[in-house]
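User: I have a protein chain to look at and would like to work through it in short questions. Please reason each answer out plainly.

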Amino acid sequence: MATIDDFQKLAIKIGTIRNAEKVEGSSKLLKLEIDLGHERRQILAGIGEKYNPKDLKGKQVPIIANLDPRMLMGLESQGMILAADKNGEPILISPAEKVANGTQVR
């Protein structure tokens, strides 16, 4: 079990996808440019088999913003998008109404 202190260590913020493109050599990975209000981040997400990059532009998504960067297929990922899992398939989640980029999820 995680404690409330464990949960509070995570910086979960809402960002808007400004650009999305397939990662060459991967059927799953998409390279996303996420606008967090005060900064933009590059995040690689394994959602390419479910989502078309052109359909993601403008969509708001929650991300974990305080993960150490990680290299995937030679590209740096600066966070992680949160998604639901439906029978092994990623389902993006979004706020019920538009909020400012960088809004903290609590």
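Analyst: This is a predicted model. One residue to begin with is Asn87, which is exposed, with a relative accessible area of 77%.

User: Where is Asn87 found?
Analyst: Asn87 has a positive phi of about 55° although it is not a glycine. Most residues other than glycine have a negative phi. As for its place in the chain, Asn87 sits in the loop between strand E8 (83-86) and strand E9 (89-92).

User: Is Met73 buried, partly exposed or exposed?
Analyst: Met73 belongs to the loop between strand E5 (70-72) and strand E6 (75-77). Its phi is near 50°, a positive value in a residue other than glycine. The relative accessible area of Met73 is 49%, and exposed means over 50%. Met73 is therefore partly exposed.

User: In what order do the five strands of the open sheet stand?
Analyst: Strands of a sheet pair through backbone hydrogen bonds, either parallel or antiparallel. In this sheet the pairing is antiparallel. The order of the five strands is E3-E2-E1-E4-E7.

User: Which strands stand at the edges?
Analyst: A strand at the edge has a single partner strand, so one side of it is left without a neighbour in the sheet. The two strands placed like this are E3 (40-45) and E7 (80-81).

User: How many bridges join E1 to strand E2?
Analyst: E1 covers residues 12-22, and E2 covers residues 30-35. The two run antiparallel. One of the pairs is Glu21 with its bridge partner Lys31 in E2. The number of bridges between E1 and E2 is six.

User: What is the bridge partner of Ile12 in E4?
Analyst: Strand E4 (residues 60-64) is joined to E1 by five bridges, and the two strands run antiparallel. Thr16 of the chain stands opposite Gln60 in E4. For Ile12, the bridge partner in E4 is Ile64.

User: What is the radius of gyration of the chain?
Analyst: The chain has two helices and nine strands. The globule rule gives 13 Å for 106 residues, and the chain's value is close to that, so the chain is as compact as a globular protein of that length. The radius of gyration is 14 Å.

User: How far apart do the centres of the positive and negative side chains lie?
Analyst: The chain has 16 positive and 14 negative side chains. Taking each set by its centre, the distance between the two is 4 Å.

Key
Residues are numbered from 1 along each chain as its sequence is written. This is a predicted model: local features need pLDDT of at least 70, side-chain atom pairs count only at pLDDT 80 or more; totals for chains, interfaces and linings use all residues. Side-chain values use heavy atoms; hydrogens and water are left out. Two strands pair if DSSP finds at least two bridges between them. Helices (H or I, at least four residues) and strands (E, at least two) are DSSP runs, numbered from the N terminus. Buried means under 20% relative accessible area, exposed over 50%, partly exposed in between (1.4 Å probe, protein chains only). The radius of gyration is taken over C-alpha atoms; the globule rule is 2.2 Å times the number of residues to the power 0.38. Lys and Arg count as positive and Asp and Glu as negative; His and the chain ends are not counted. The place of a charge is taken as NZ of Lys, CZ of Arg, CG of Asp or CD of Glu.
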